[in-house]
Amino acid sequence: MCHEILGREGFFIRMDDMLVGSKTMLFCDGVWKGSISNYIYSISPEGWFHDEAKQQDLTFWVPVDDDFVIVESTCIGGMHVSPFNKCNAPKDLRQGILKSTGSILIMLDYIPILFGEDDIVFYDGRDISVKAFRFPNKVEAKKLSEKIPPRRHLASYRIEDPKEIPFIEGYLSITLRFAIPYYEDGKFYLLIDKDNERRLHEIRHDTEA
Amino acid sequence: MCHEIVGRERNVQYLPFGYELVGTKSMLFDNGIWKSNDWDYTYSVKDNGWFHSSPKEQDLTFRIPLVVGTTEVKSTCMAGMHVASFNQCNRLEALHSNIMVRSIDSLLIDIDRAPVLFMKDDIVFFDGEDVSVKAFRLPTEYEVREIANIAFHASLGEETFSCRMEDCTEVLSDKMYNHFCYLYGFPYYEDGKFFLLLIEKR
């Protein structure tokens, strides 16, 4: 006997021998953190985010008579990677959200990250758990950016020096921007869409007028 | 962090029945011994009629959707005896028959989609469609009539008859053709014995 878990939502992208999923992360004072918990990622010198697979909670939502019976269990899981779906599919995505505050916090929402099939430790029909993932390199980031409607004015900024990043001061100092982080030669960068920046400027001016 | 496994199809569900849940199972009754329908597994049955097995490591396949097609990743999980859900395809009216009786040499009864009962606490895994349980049982005669009404939309009145599974070739002798017989019905367990509740289909 064997069980099979099939996808119920979303899709992943194959790029060469890697899979691409999406992840929401924080870059806070030089440290990569989880978006909800205070989890701090370990990063190898090669730029791989890695963690040992550990026991995690697993909930079975068993459909019973148009409702659910909830059964609690556990599984060996890792770092979660989400699929792309209709809302965050690369072709539709305003790919990143950067948030600027006094101490500079960058929140990257639905950023594309890469992992190998051998890194997969669990799949629940939506999220994959992996023991390792990495950001794309510059070539891969540009290739991924092509999956999004025409981006003609891409610019790179070092993520460790956010002062270089041309934030747009907006409501609550939040700016929305297309961005793909990448890792090249031991450093983290952001590939930012400057068209998107211009469009946001125009929207702001219209609002102010 | 935690994972959630949610039922992946609409119209696929288990039924509540008192404190228990009802799903369906296909099994063989081979010369008095209950086996899985691929012959690979022999069930242990307690005196009270409960089929039981301790959870064991089983193969688990992740079918991960890509933009085009899927990729498969092999893994394992701790699981038990599989119980399928009810869906639109396994309702009684959609079946031509769900029981095959063969009487060549020894008696073989092949039962498709028999309703079985299990407790929530017996669930050890759920893959979005099948649950794995460490124990399940066949219904009693009263329960099987109730379940047939609810799950299979079958109204079981005077058109039914029962026979002990071991004796069914004698009872069904006029229905056997070349040692085979195809029927509608449900297995049940009563007073330490297994029976078939068979339906005379119009």
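The following paragraphs lead the reader through a predicted model of two protein chains, A and B.

It is sensible to begin with confidence. The model as a whole scores ipTM 0.86 and pTM 0.84. Within chain B, the average pLDDT is 87, and 90% of the residues score at least 70. Confidence in chain B is lowest in helix α2 (residues 168-171), where the mean is 84. It is highest in strand β14 of chain B (residues 135-137), which reaches 97. Such values matter to the reader because predicted coordinates should not be read in detail where pLDDT is low.

Chain A may be considered next. Its secondary structure consists of two helices and 18 strands. Of its 209 residues, 37% count as buried. The contacts of chain A can also be sorted by distance along the sequence. Among contacts between residues at least 6 apart in sequence, 65% join residues at least 24 apart.

One part of chain A that can be followed strand by strand is the hairpin of β12(A) and β13(A). These two strands run antiparallel and are joined by three bridges. In one of the pairings, A:Ile120 has A:Val130 in β13(A) as its bridge partner. Four residues lie between the two strands of the hairpin, and here A:Gly125 takes a positive phi near 100°.

The two chains meet at an interface, in which 38 residues of chain A are in contact with 38 residues of chain B. On the chain A side, the elements that give two or more residues are β1 (2-6), β2 (13-15), β7 (54-64), β8 (67-77), β12 (120-123) and β13 (128-130). Both strands of the hairpin described above, β12 and β13 of chain A, are thus named among these elements. The greatest contribution to this side comes from β7(A), with nine residues. By character, the residues of chain A that touch chain B divide into 20 nonpolar, nine polar and nine charged.

Strand pairing also takes place across this interface. Strand β7(A) pairs with strand β1 of chain B (residues 2-6) in the parallel sense, over five bridges. Within this pairing, A:Trp61 stands opposite B:Val6 in β1(B). There is also a pairing of β1(A) with strand β7 of chain B (residues 56-65), which is parallel and extends over five bridges. In that pairing, A:Leu6 stands opposite B:Arg63 in β7(B).

The second of these pairings belongs to an open sheet of three strands, in the order β1(A)-β7(B)-β8(B), with mixed pairing. The edge strands are β1 of chain A and β8 (70-79) of chain B, each of which pairs on one side only. Neighbouring strands of this sheet are turned by 25° against each other on average, direction ignored.

Strand β1 of chain A contains A:Glu4. Is this residue buried or exposed? A:Glu4 counts as partly exposed because it has 14 C-beta neighbours inside 10 Å. A residue is called buried at 20 or more such neighbours and exposed at 12 or fewer, so a count in between gives the intermediate class. Leaving aside neighbours within four places in sequence, A:Glu4 is in contact with B:Thr61, B:Arg63 and B:Asp127. As for a residue of its own chain, the C-alpha atom of A:Glu4 is separated by 15 Å from that of A:Asp127, which lies 123 residues away along the chain.

Chain B supplies a further open sheet of three strands, with the order β9-β13-β12 and antiparallel pairing. Its edge strands, β9 (81-83) and β12 (123-126), each pair on one side only. The twist from one strand to the next averages 30°. Three bridges connect β9(B) with strand β13 of chain B (residues 131-133) in the antiparallel sense, and B:His82 stands opposite B:Ser132 in β13(B).

Finally, the interior may be examined. In soluble globular proteins, nonpolar side chains tend to be buried together. The largest nonpolar core in this model has 91 residues. Those with the most contacts inside it are A:Tyr123, A:Val130, A:Phe133, A:Leu191, B:Val133 and B:Phe136. Strand β11 of chain A (residues 105-115) gives the most to this core, with seven residues. For B:Val133, leaving aside neighbours within four places in sequence, the contacts are B:Gly80, B:Met81, B:Val83, B:Phe118, B:Asp122, B:Ile123 and B:Val124.

Terms used
Residues numbered from 1 in each chain as written. Chains lettered and ligands numbered in written order. Predicted model: local features only at pLDDT ≥ 70, side-chain atom pairs only at ≥ 80, totals over all residues. pLDDT = per-residue confidence, 0-100. Contact = placed C-beta atoms within 7 Å. Nonpolar A, V, L, I, M, F, W, Y, C, P; charged D, E, K, R; others polar. Pairing = 2+ DSSP bridges. Axes fitted to C-alpha atoms, helices over the stretch in contact; angles between N-to-C directions. Core = buried A, V, L, I, M, F, W, Y, C linked by C-beta atoms within 7 Å.
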